[in-house]
Amino acid sequence: MAETKKNATLTLDGKSYDLPVFSPTLGPDVLDIRKLYGQADVFTFDPGFTSTASCESAITYIDGDKGELLHRGYSIEELAEHSHYLEVCYLLLYGELPTAAQLTDFEQRVTRHTMVHEQMHNFFRGFRRDAHPMATMVGVVGAMSAFYHDSTDINDPWQREVAAIRMIAKLPTIAAMAYKYSIGQPFVYPKNSLDYAGNFLHMCFAIPAEDYVVNPILAKAMDRIMMLHADHEQNASTSTVRLAGSSGANPFACIAAGIACLWGPAHGGANQACLEMLKEIGTVDRIPEFVAKAKDKDSGFRLMGFGHRVYKNFDPRATVMKESADEVLGLLGVENNPLLQVAKELERIALSDEYFISKKLYPNVDFYSGIILEAMGFPTSMFTPIFAISRTVGWISQWKEMIGDKGQKIGRPRQLYIGEPHRAYVDVRNR
Ligand code: SDX
């Protein structure tokens, strides 16, 4: 538990209430209001949780003003340059960078869990072919609790560990199966000889009729995209996983809830919405029309991939993603990709516009990711499933941290009630 070095005082109706103030390792001080309702018979009001710390955590730290993102103290820039996705998974799950032996053991454990129960293939056949892969993933991941009973007891640390490995290992297989099913191609089994990102590309793009060789450029780019999406403090889907987990729900059900929340266009669905927006803009000369629409409150239109609840500076992931987009498209010989040109010009125009400057709206992680994914051959409908694969380790790490906290309680917010006061029933003949 963080230390309290001072108190804040709340004065209400002539009475004073002491609120302990926690001093975190990094970030703003935190007022402890847990006893406020009991002492002062008042609630606090914060519908979007803009000023609320929902938990204690040691996993990820974000400084929105500096545009800083740390995983267990290591910057996302350093991890993107020197690490790889499964090493970041280990770091998020266990708190330290692994030794060579620990990393080899971890990668082997994940690799050996990449297949799914053969009967799970039947689930896919119940969906329409044109179902959005996110719908399939919510259903199939939730159904994992029907197959892996031996890792659903949240009170057993070993079962929690097995559930974590199973989900990190099987999400790419399930996402690839959702993709294959949507295009009418046969499922491709995982290959233990491939690395994590390469295995996912193989399961998505290999076909029985010919050999498929993983392009190392694309595998490295996919691994970097996965690293950049791995965890992000208490975002909407992570908060969903924590809230679901606080009731004691099994880990597969909690991750399925996180996938459902991630799907929204204000959150993980923004990568798909952003590429569709860039395609709708089409050419650089149409950008002013869309920027004007984004500034018009009545239009209901927002620039997808722009803005963030926490970052009021560049999202550091967007900066790395933009460099990766230049590198990958250049290596693929499509550096003149019109969508990349539109995205760069849109960023330039928006960042010089007073509306975006005053509201501190910058490109976020979803602004450039779709351009790389499309260049790899993915349809836009697979963008958010790829985000879900990547974020599973973050959800699981945060879930484990919460479940392992002896003081954790079921999440149960209160409300500001503005409905009718108590009133008597009126018979229908008198209404
Ligand atoms: C992710 O939380 C996380 O960490 C999420 C994430 C993660 O890794 O988990 O980082 C991943 O979800 C990234 C965000 C992806 N979403 C989008 O790109 C969708 C477009 N962006 C927005 O809808 C918006 O910026 C949010 C949802 C991301 C943040 O919304 P907030 O913090 O609630 O901010 P807001 O809606 O109160 O906006 C503040 C102002 C408003 O204007 P005013 O009412 O003050 O006049 O900025 C405006 C908004 O209208 N605004 C935008 C805008 N985003 C905010 N105007 C135009 N275009 C935009 N994109």
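Reader: Which residues touch the most other members of the largest nonpolar core?

Author: In this predicted model, the largest nonpolar core holds 111 residues, and those that touch the most other members are Phe 200, Met 222, Leu 278 and Phe 378. Helix 7 gives the most to this core, contributing 14 residues. Apart from it lies another core, made of 6 residues, including Tyr 17, Leu 19, Leu 36 and Ala 40.

Reader: Which residues does Phe 200 touch, not counting residues up to four places away in sequence?

Author: With those neighbours set aside, Phe 200 touches Pro 172, Ala 175 and Ala 176, then Met 222 and Met 226, and also Phe 378, Met 382, Ile 386 and Ile 389. Phe 200 is itself one of the buried residues of helix 8, alongside Tyr 196, Ala 197, Gly 198, Asn 199, Leu 201, His 202, Met 203 and Cys 204.

Reader: Why is helix 8 described as largely enclosed by the rest of the structure?

Author: The description rests on a count of buried residues: 9 of the 10 residues of helix 8 are buried, so this helix is largely enclosed by the rest of the structure. Those buried residues pack against helix 3 (85-94), helix 4 (100-111), helix 7, helix 9 (216-228) and helix 18.

Reader: How should I read the packing of two helices, and at what angle do the axes of helix 7 and helix 8 cross?

Author: Two packed helices are described by the angle between their axes and by the distance between those axes. Here the axes of helix 7 (residues 157-182) and helix 8 (residues 196-205) come within 8 Å and cross at roughly 20 degrees. Because angles under 35 degrees count as roughly parallel, helix 7 is roughly parallel to helix 8. The crossing in which helix 7 passes helix 8 is right-handed.

Reader: Which residues of helix 7 and helix 8 make the contact?

Author: From helix 7 the contact is made by Ile 168, Pro 172, Thr 173, Ala 175, Ala 176, Tyr 179 and Lys 180, and from helix 8 by Tyr 196, Phe 200, Met 203, Cys 204 and Phe 205. Sorted by class, this contact has 10 nonpolar, 1 polar and 1 charged residues.

Reader: Where do the axes of helix 11 and helix 18 stand by the same reading, and how are these two helices oriented?

Author: The axes of helix 11 and helix 18 (residues 383-403) come within 10 Å and cross at roughly 135 degrees, which means that helix 11 is oblique to helix 18. Helix 11 passes helix 18 in a right-handed crossing. On the helix 11 side, Pro 251, Cys 254, Ile 255, Gly 258, Ile 259 and Leu 262 meet Thr 384, Phe 387, Ala 388, Thr 392, Trp 395, Ile 396 and Trp 399 in helix 18. By class, the contact has 10 nonpolar, 3 polar and no charged residues.

Reader: Is Ala 256 buried or exposed?

Author: A residue counts as buried under 20% relative accessible area, and Ala 256, with a value of 8%, is therefore buried. Ala 256 has its place in helix 11 (residues 251-262), and, not counting residues up to four places away in sequence, Ala 256 touches Val 138, Val 141 and Gly 142. Ala 256 and Met 382 are 126 residues apart in sequence and 17 Å apart in space, C-alpha to C-alpha.

Reader: Is Ser 369 buried or exposed, by the same reading?

Author: Ser 369, found in helix 17 (residues 366-376), counts as buried at 1% relative accessibility. Leaving aside its neighbours within four places in sequence, Ser 369 is in contact with His 229, Asn 271 and Met 321.

Technical notes: Residues are numbered from 1 along each chain as its sequence is written. This is a predicted model: local features need pLDDT of at least 70, side-chain atom pairs count only at pLDDT 80 or more; totals for chains, interfaces and linings use all residues. Side-chain values use heavy atoms; hydrogens and water are left out. Axes are lines fitted to C-alpha atoms, for helices over the stretch in contact, and angles run from 0 to 180 degrees between N-to-C directions. Helices (H or I, at least four residues) and strands (E, at least two) are DSSP runs, numbered from the N terminus. Angles under 35 degrees count as roughly parallel, over 145 as roughly antiparallel, 65 to 115 as roughly perpendicular and the rest as oblique. A crossing is left-handed if the near helix is turned anticlockwise from the far one by less than a right angle, and right-handed if clockwise. Contact means heavy atoms within 4.5 Å. Ala, Val, Leu, Ile, Met, Phe, Trp, Tyr, Cys and Pro count as nonpolar, Asp, Glu, Lys and Arg as charged, and the others, Gly among them, as polar. A nonpolar core is a set of buried Ala, Val, Leu, Ile, Met, Phe, Trp, Tyr and Cys residues joined through side-chain atoms within 4.5 Å. Buried means under 20% relative accessible area, exposed over 50%, partly exposed in between (1.4 Å probe, protein chains only).
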